[in-house]
Amino acid sequence: MSDMDKSESMVFGTAKRLAKDGNSSMCIQIGSDVIRSTTSYVYLGVKLDPTLNFGQYVHKTFKKTSSKLKMLKKIRSSLTVQSARMIYQSMIVPLMTCCDMVTLNLPGSWLSKFVNLENRAKKIIANGLSIENDDLNIRDFYSTRIFNAVMVVFKSLNGLSCEPFNDYFQIMSHQQNTRNNDYCLRLPKVKLEVARKGFYFQGAMAFNKLPLHVRQINSIVHFKSALKQMNSF
C-alpha cells in the first residue's frame, strides 16, 4: 500500500461558506493517484469535522466519561473516599479535559452537561456521606480547563513548549508606563466568531484575566503554585 492510499483530503470552512460552495469535497489527483475526499477525519484521537466545531469529538468524550462514571459507581462500595477520588482524578478527569485546548470555548449547553457529570462524580465519591465539596478536594471542571490553558500559555511565553508554539502569543509592550505593560497578551484581531474560539484567542484571554502578580512570575514551579493558591483554581 502506497502513502497515497492512506491519504485523504478534507475541506474546512464555515457552515455558510460550505453550503454556498455546494459540497465540502474536492478531487485531488497526483499523477495517476486520486486522493479520496472525506467529511470527517480522526487525528491523534480527535475527530475533525468540516466546520471545526468539534461537536462529534465532544459528544464522544461525554459518552466515554459517563461510561467511566458508571464503572466507578459499581465498584464504589469497595473503595474509600480517598481511593474513589484518586481514581476519578487520575482516570476520568484526564478523559474529560483531554484536548481541552481545542474546545476551551465550549457552548453553554455542553458545558452544563459536563458540569452535571462532575456533580454525579462528587455524589458517587461521597457515596451518601455528608461531605462538603471543598472537603472532597476536587478542582471543578471549568477551573481545570482554565488551569491547563494558562499553563500552556505560560510554557509558550517562556520557551518551554515545542518550537512551533514558542512564538504563539505576543506580549503587549508600549512606551506608556502602565502596570499591565509587558505582562498582558495581545489579543489577535479576528472577524469571524469561529476565530474567537481558537486557542490563540481564548488562551490569551484566559491568561490576561489572571491577577497581575501571577502574570509577572517567570518560574513554572512558582506559577503553578500561585494558580493553585487562587480560590478559582
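Trainee: In what order do the 3 strands of the open sheet stand?

Mentor: This is a predicted model. The pairing in the sheet is mixed. Strand β1 and strand β2 stand at the edges, each with a single partner strand, so one side of each is left without a neighbour in the sheet. The order is β1-β3-β2.

Trainee: How do β1 and β3 run, and how many bridges join them?

Mentor: Strand β1 covers residues 8-9, and strand β3 covers residues 33-37. Glu8 has Arg36 as its bridge partner in β3. Ser9 is partnered in β3 by Ser37. The strands run parallel, and the bridges number 2.

Trainee: And β2 with β3: which way do they run, and how many bridges join them?

Mentor: Strand β2 takes in residues 28-30. Gln29 has its bridge partner in β3 too, and that partner is Val34. Here the strands run antiparallel, and the bridges number 3.

Trainee: Which residue in the hairpin of β2 and β3 takes a positive phi?

Mentor: Look between the two strands. The hairpin has 2 residues there. The phi in question is near 65°, and the residue is Gly31.

Trainee: How many residues does α3 give to the lining of the largest cavity?

Mentor: The structure holds 2 cavities of 30 Å³ or more. The largest has a volume of about 70 Å³. Its lining includes Tyr57, Val58 and Thr61, and the elements that give two or more residues to it are α3 (55-75), α4 (81-97) and α7 (141-157). Of these, α3 gives the most, and its number is 3.

Trainee: What is the volume of the largest pocket?

Mentor: Start with the lining, which has 29 residues. Leu52, Phe54, Met101, Val102 and Thr103 lie nearest the centre of the pocket. The elements that give two or more residues to this lining are β5 (46-48) and α3. The volume is about 790 Å³.

Trainee: Which side chain of opposite charge is nearest to Glu118?

Mentor: Glu118 is found in helix α5, residues 108-126. Glu118 is buried yet has no salt bridge. A salt bridge needs a side-chain nitrogen of Lys or Arg within 4 Å of a carboxyl oxygen. The nearest side chain of opposite charge is 4.3 Å away, so the cut-off is not met, and that side chain is Lys122.

Trainee: Which residues does Glu118 touch, leaving out those up to four places away in sequence?

Mentor: Glu118 sits in α5. One of the residues it touches, Phe141, also lines the largest cavity. The full set is Tyr88, Arg139, Asp140 and Phe141.

Trainee: Is Thr144 buried or exposed?

Mentor: Thr144 is found in helix α7. Its relative accessible area is 7%. The cut-off for the inner class is under 20%, so Thr144 is buried.

Trainee: Which residues does Thr144 touch, not counting those up to four places away in sequence?

Mentor: Thr144 lies in α7. One residue on its list is Arg139, which Glu118 touches as well. The list is Val93, Thr97 and Arg139.

Trainee: How far apart in space are Thr144 and Asp100, C-alpha to C-alpha?

Mentor: Asp100 is one of the residues lining the largest cavity. In sequence, Thr144 and Asp100 are 44 residues apart. In space, C-alpha to C-alpha, the distance is 9.6 Å.

Conventions: Residues are numbered from 1 along each chain as its sequence is written. This is a predicted model: local features need pLDDT of at least 70, side-chain atom pairs count only at pLDDT 80 or more; totals for chains, interfaces and linings use all residues. Side-chain values use heavy atoms; hydrogens and water are left out. Helices (H or I, at least four residues) and strands (E, at least two) are DSSP runs, numbered from the N terminus. Buried means under 20% relative accessible area, exposed over 50%, partly exposed in between (1.4 Å probe, protein chains only). Lys and Arg count as positive and Asp and Glu as negative; His and the chain ends are not counted. Contact means heavy atoms within 4.5 Å. Two strands pair if DSSP finds at least two bridges between them. On a 1 Å grid over the protein atoms alone, a cavity is a set of points where a 1.4 Å probe fits but cannot get out, and a pocket is an open set with protein on both sides within 12 Å along at least five of seven lines; lining residues have an atom within 4 Å of a point. Grid points are joined across faces, edges and corners, and a volume is the space filled by probe spheres set on the points.
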